[in-house]
Each structure stands twice: as C-alpha cells, then as structure tokens.
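Subject: Structure handover

Dear colleague,

I am passing the structure on to you with this email. My notes are set out underneath.

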Amino acid sequence: MKFNIFDFQFIVVFLLVFVCGSASAAVPLATPPIWESVDNDFSTGGALADVDKDGYLDLFVGNGNDMALNSNSVYMNQNGVLEGIGSWVSLDQGYFGHNAVGDVDNDGDIDMAVAYYGGVSAGFVPYIHNIYYNIGDSLERSPSWRNAMSDTFNSFDCAFGDVDGDGDLDIVFSGGEMYSSRSQSSRLYLNTGGVFETIASWTSLLGYAYGVAWGDVDNDGDLDLAIGNEQNYNHLYYNNGGVLESSPSWQSDEIATANQIAFGDVDGDGWVDLAVSNGADCRIYFNQAGTLEVHPSWKSADAKSNYSCIALGDVDADGDLDLASGGWWEPLVVFENFGGTLD
C-alpha cells in the first residue's frame with residue numbers, strides 16, 4: 001500500500017492553514033488534527049475545492065488504494081465545518097489512487113479525476129480511470145469519462161494542466177505498478193472543447209511512476225511535465241510549443257524511490273523547483289535558470305523511512321513556501337522555510 005488515512009490529517013490540517021492563513025511567524029499547527037472523518041476508507045488522494053459554489057471549500061477524496069474496493073467521496077463543507085461522512089459517494093467502487101480537481105469543460109464549476117491503481121487481492125489488474133463531471137451543485141455519481149478498455153494501465157497519480165494552450169485542461173496519469181512488476185507508460189489525454197480523447201495521444205518512457213506534476217520549469221509560458229519514479233531516475237519532459245518531448249531532457253542522477261512530487265518556487269528566485277517525497281527523505285531539486293539540478297542540494301535530515309506525501313505552501317504566512325510531508329507509520333512534519341532555505 002502506498003497511502004492511507006494519513007492524507008486526511010495532511011490535507012485538512014495542512015491545506016486549510018494555507019487557505020485560512022496566519023499572522024504567526026511560527027508554524028501554526030496543533031498536534032491533533034482539527035477534523036477527522038467518521039467513515040474509515042483506505043483514502044489515498046485528496047483535494048480542496050468548492051464543488052457546490054457556496055463559498056466554502058469541500059474535500060474531494062480518492063479511496064481504495066491497493067487494499068479494498070471503495071467508493072470515492074466528497075465531504076461537504078457546511079458553513080466552515082466538514083461533515084464527518086461524505087454526502088457524495090461514487091456509485092462505482094475500485095482500488096483508486098490520487099485525484100485531481102479542475103473545471104474541465106469550462107462551465108464554471110469543479111470536476112474531479114481519479115486514478116485507478118489496482119488491488120493486491122485482485123492481482124493488480126490494470127483498469128480504466130475516471131472523470132466525474134459537476135452537474136451544478138455536486139458531482140455525477142457515475143463518471144462520464146473513462147479511457148478506452150484497450151488503453152488500460154495501473155495509475156497512482158493524476159494531474160490537470162493545459163498542455164497545448166488551447167484553454168482546456170488536459171490530464172496526465174502516472175503509469176506503472178512496482179509490486180507486480182508492471183512497467184508501464186504515463187499517459188496524456190488531451191481535452192478539446194471539454195471532451196477528452198479516450199486513447200492517450202502521448203506516452204512517457206516505461207517505468208514505475210508514482211507522482212506526476214506540471215510546472216513551467218523554463219519560464220517559456222507552457223507547462224512541462226515531471227514524473228517521480230520508483231526504481232528509476234526522476235524525469236522531466238519539456239513542453240515545446242504545446243507538445244511534450246518524447247524522451248526526457250532531464251533526469252536525476254540517483255535512482256529514486258519517489259512517491260509524490262510538487263512544484264513550487266522554494267527559494268523565491270522566480271523559477272519553480274521540484275520537491276519529491278523519496279522514502280527515507282524529502283528532497284528539493286532547485287531550478288537553476290530553467291534547468292533543474294540533477295542532484296538535490298536539499299534533503300531532509302530527520303530519521304524517517306516512509307515519506308510518501310508532499311506539498312508546498314506558506315504555512316506561517318511569511319511569504320515563502322514551506323514543505324509538509326509524512327507517510328506510513330510516521331507523523332506529519334513541516335519543514336519551515338527561512339528566506340529561501342528549508343530547515
């Protein structure tokens with residue numbers, strides 16, 4: 001299993017602080033979580049967005065992991081308080097991984113994509129991935145979009161981004177499943193006028209990819225794609241005028257055990273850096289004027305072994321990005337940013 005209920009504490013405690021802000025110079029997080037769900041799914045991915053347009057952020061969750069057939073869920077925010085049991089639950093069940101939210105059809109409301117990872121008891125059989133469209137004040141309970149059955153693969157993560165600059169959010173799914181030795185490509189599905197293709201128009205090199213993230217690494221106005229890999233180097237595919245290169249121009253100099261990745265300008269120099277949760281440590285590949293360093297010049301130095309979740313945000317409201325992470329059997333931690341340098 002790659003993630004579990006840890007994500008609820010991570011997302012709700014950590015990200016709500018980003019939204020609410022704080023005047024304190026220290027990290028303003030209490031030790032216990034400010035909210036916990038009543039139900040107990042094997043939760044993996046989470047995102048905050050206003051699904052019903054009432055002005056409050058709701059919690060979107062992808063469930064199942066490799067442990068159980070679960071439905072996906074949304075915990076509605078009722079005047080600033082998240083409900084304990086999700087009032088929206090998908091009709092389909094699966095071994096779902098991470099999710100992503102965005103307005104894919106440009107109708108002014110938030111839709112959700114969820115990656116399908118595969119289950120231990122099901123032999124990690126590759127399957128199809130979902131997008132649930134917003135029907136006005138909630139999500140449809142059965143997904144309107146799935147990739148074609150001829151294009152199935154295992155995926156742990158997904159991310160929206162407008163790759164080709166046409167004003168529509170496209171989606172990439174990570175590919176590969178390490179436990180069953182299924183080396184697969186990550187895949188990009190283009191969105192044309194709110195309609196996604198069902199066969200991927202772009203695929204990465206084969207591997208065990210567990211994290212995907214979009215960022216404009218070279219500041220040329222389009223989104224480049226980073227892929228965090230297990231048992232391989234981390235990769236960056238540059239976007240050249242709306243088209244991703246077929247082979248990565250950048251790779252890390254170490255074989256990675258990456259899980260989740262994120263872009264953010266950690267040192268405040270105007271170039272986005274790449275943060276990676278890497279099992280025994282978290283690490284930052286700093287961006288040197290459009291090129292990521294191949295060896296991370298910052299690694300966490302605490303004694304952990306299962307870092308799997310990562311996010312960047314200004315927790316202490318001092319104008320720079322702090323880093324939060326955590327993982328299996330280990331507590332959530334925040335590395336505070338002091339003027340561009342993480343502690």
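The notes below cover one strand with its partners, and then the salt bridges.

Please keep in mind that this is a predicted model.

Strand β18 (residues 224-232) has eight of its nine residues buried, so the rest of the structure largely encloses it. Its pairing with β17 (residues 208-215) is antiparallel and runs over seven bridges; here Asp224 is the bridge partner of Gly215. A hairpin of two residues leads from β18 to β19. These two strands are also antiparallel, with three bridges, and Ile227 stands opposite His235 of β19. β18 is further joined to β21 (residues 256-257) by two bridges, again antiparallel, with Ala256 as the bridge partner of Asn232.

There are six salt bridges in the structure. One of them links Asp92 and Arg146, with 3.3 Å between the closest N and O atoms. Asp92 belongs to strand β6 and Arg146 to strand β10, so this pair ties together parts 54 residues apart in sequence. Asp92 is buried at 12% relative accessibility, while Arg146 is partly exposed at 30%.

Lys299 and Glu254 form another, at 3.5 Å between the closest N and O atoms. Lys299 lies in strand β25 and Glu254 in the loop between β20 and β21, so parts 45 residues apart in sequence are tied together. Lys299 is partly exposed at 32%, as is Glu254 at 23%.

Arg283 and Asp281 meet in a salt bridge of 3.0 Å, N to O. Arg283 is buried at 5% relative accessibility, and Asp281 is buried at 11%. Through shared partners, salt bridges join Glu254, Asp281, Arg283 and Lys299 into one network.

Regards

Notes: Residues numbered from 1 in each chain as written. Predicted model: local features only at pLDDT ≥ 70, side-chain atom pairs only at ≥ 80, totals over all residues. Heavy atoms only, no water. Buried < 20%, exposed > 50% of the residue type's maximum accessible area, 1.4 Å probe, protein only. Helix = DSSP H or I, 4+ residues; strand = E, 2+ residues; numbered from the N terminus. Pairing = 2+ DSSP bridges. Salt bridge = Lys/Arg side-chain N within 4 Å of Asp/Glu carboxyl O.
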